[in-house]
Amino acid sequence: MAATLDFDKVRGSFPALTGEQVYLNNAGGSQTLGTVAERIRDYLLKTNVQLGATYSTGRKSTDRYNEGHAAAAKYIGASRDEIVLGSSTTQLFRNLIVSAIDHEANIAPWVGLAERQKLVLKWWKPNTDGPNADTNPKLLASDLVGLLTEKTRLVTCTHASNIFGTVHNIKAIASAVHSRNPKTMVCVDAVAYAPHRNIDVKDLGVDLYSFSCPPALSNLVSLGHFFNLHATLENKLGLAGASYELVHAIPAVVEYLDGKSEGIVAHEGQLQRTLLAWLNARANVTVWGERSADVAVRVPTVSFTVNGWVSKEVVEAMEAESEFGFRWGSFYSVRLVKDVLGLPEEGVIRVSMVHYNTVDEVRRLVAAMDKVLGRRK
């Protein structure tokens, strides 16, 4: 039997949840743990000094920063010297393969790099012959093999789609890439995946894996120093970009998540089953991505459109008479929404849930949306 979450403790850990607003735009930023805010405040008020100093506060500040790195490494199953916080993973390569259905953050940098360096860029597009390929395009390792050559130096993709919630089989993708060319690096954007599942980068077999630390804790990026000696991975990619107080808060996130993985997956499965059951039962609704609520193939980020409605209209009608906060649009995946799905500028309606949402909230969302949509036959 799957572990269950203590909802009094879960909900009580997030101060924002005491209000009336129901947060269903979590893929764009979930709410912040109270312990995270406390650690950020404590760092800024007590140890906000330059790292590396030998006086007592300087040593304490450096220790806190190092503890944050150690917690982040533990979270993804890596060693301290294998991670970088607050960096860009862009490097110089000769031949790049980029997914056509990713978030723009994992497309535009590589497209720009290829243009500047006159590199060969190949688009990894979903197979259009698969079942429901028009509404559920997927990245499959089998569709990638024909693009790989001895000159390929980088393959990029997302672990989970920020539009569909679809989970890609990263382990199979990495294996296919490295079997063809061990020198090719696999770069995975896990922003839409990390808040929902445990991560073990060693098991996945990837080379570069990036995400914002969940829940709702991201590191700021700043310019580095041109005289950096590049002796370590952090020197090469970090560029002094990690915000010290946010790094200090990472242990609070890891501590909160410890032991909750099974309970989170089971509960989020209930959330997506409740919403998808209603969406799939409506003849005038198109679910984009997996229609299945199986936690093995999706996370609770659900996108859909309604026949006869512009996505913006549905969201604004719901906002006018309810406390539910979710959004319409392309969510920085314009190429996917417009070029692959062929949708207009208003894009999809996206409801993105996390483990602190309740089944009751989803049921009330469904009831309110049923009422709104029932006004237009």
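L154 stands opposite M185 in β5, and that pair is a handy way into this predicted model. The two strands involved are β4, residues 154-158, and β5, residues 185-189. They run parallel and are joined by 5 bridges. If you look at how β5 is packed, 4 of its 5 residues turn out to be buried, so the strand is largely enclosed by the rest of the structure.

**The sheet around β4 and β5**

Zoom out a little and you'll see that β4 and β5 belong to an open sheet of 5 strands, in the order β3-β2-β4-β5-β6, with parallel pairing. Which strands stand at the edges? They are β3 (120-124) and β6 (208-210); each has a single partner strand, so one side of each is left without a neighbour in the sheet. Going from one strand to the next, the twist averages 15 degrees.

At the β3 end, the partner is β2, which covers residues 95-99. Here too the pairing is parallel, and it extends over 5 bridges. To find your place on screen, go to L96, whose bridge partner in β3 is L121. As a reminder while you follow these strands, side chains in a regular strand alternate between the two faces of the sheet.

**The chain as a whole**

How many helices and strands does the chain have? There are 13 helices and 11 strands. The chain is 377 residues long, and buried residues make up 50% of them. As for contacts, take those between residues at least 6 apart in sequence: 70% of them join residues at least 24 apart.

**Three loop residues to click on**

Most residues other than glycine have a negative phi. K118 goes the other way: its phi is positive, about 55 degrees, and it is not a glycine. F331 is another non-glycine residue with a positive phi, near 55 degrees. Are these residues buried or exposed? K118 is exposed, with a relative accessible area of 75%, whereas F331 counts as buried because its relative accessibility is 11%, under the 20% cut-off.

K118 sits in the loop between α4 (108-117) and edge strand β3, while F331 is found in the loop between β10 (327-329) and α12 (334-340).

The third one, R282, is in the loop between α10 (261-281) and β7 (285-288). At 19% relative accessibility, this arginine counts as buried too. What does R282 touch, leaving aside its neighbours within four places in sequence? It is in contact with D370 and L373.

Here are the three side by side:

| Residue | Loop between | Relative accessibility | Class |
|---|---|---|---|
| K118 | α4 and β3 | 75% | exposed |
| F331 | β10 and α12 | 11% | buried |
| R282 | α10 and β7 | 19% | buried |

**Cavities**

Finally, the holes inside. The structure holds 2 cavities of 30 Å³ or more, and the largest has a volume of about 70 Å³. Which residues line that largest cavity? The lining is made up of Y75, A194, P195, H196, R197, N198, L257, S261 and I264. Sorted by class, that gives 5 nonpolar, 3 polar and 1 charged residues. One of the lining residues, S261, also falls within α10, the helix that spans 261-281 and comes before the R282 loop.

Key
Residues are numbered from 1 along each chain as its sequence is written. This is a predicted model: local features need pLDDT of at least 70, side-chain atom pairs count only at pLDDT 80 or more; totals for chains, interfaces and linings use all residues. Side-chain values use heavy atoms; hydrogens and water are left out. On a 1 Å grid over the protein atoms alone, a cavity is a set of points where a 1.4 Å probe fits but cannot get out, and a pocket is an open set with protein on both sides within 12 Å along at least five of seven lines; lining residues have an atom within 4 Å of a point. Grid points are joined across faces, edges and corners, and a volume is the space filled by probe spheres set on the points. Ala, Val, Leu, Ile, Met, Phe, Trp, Tyr, Cys and Pro count as nonpolar, Asp, Glu, Lys and Arg as charged, and the others, Gly among them, as polar. Two strands pair if DSSP finds at least two bridges between them. Axes are lines fitted to C-alpha atoms, for helices over the stretch in contact, and angles run from 0 to 180 degrees between N-to-C directions. Buried means under 20% relative accessible area, exposed over 50%, partly exposed in between (1.4 Å probe, protein chains only). Contact means heavy atoms within 4.5 Å.
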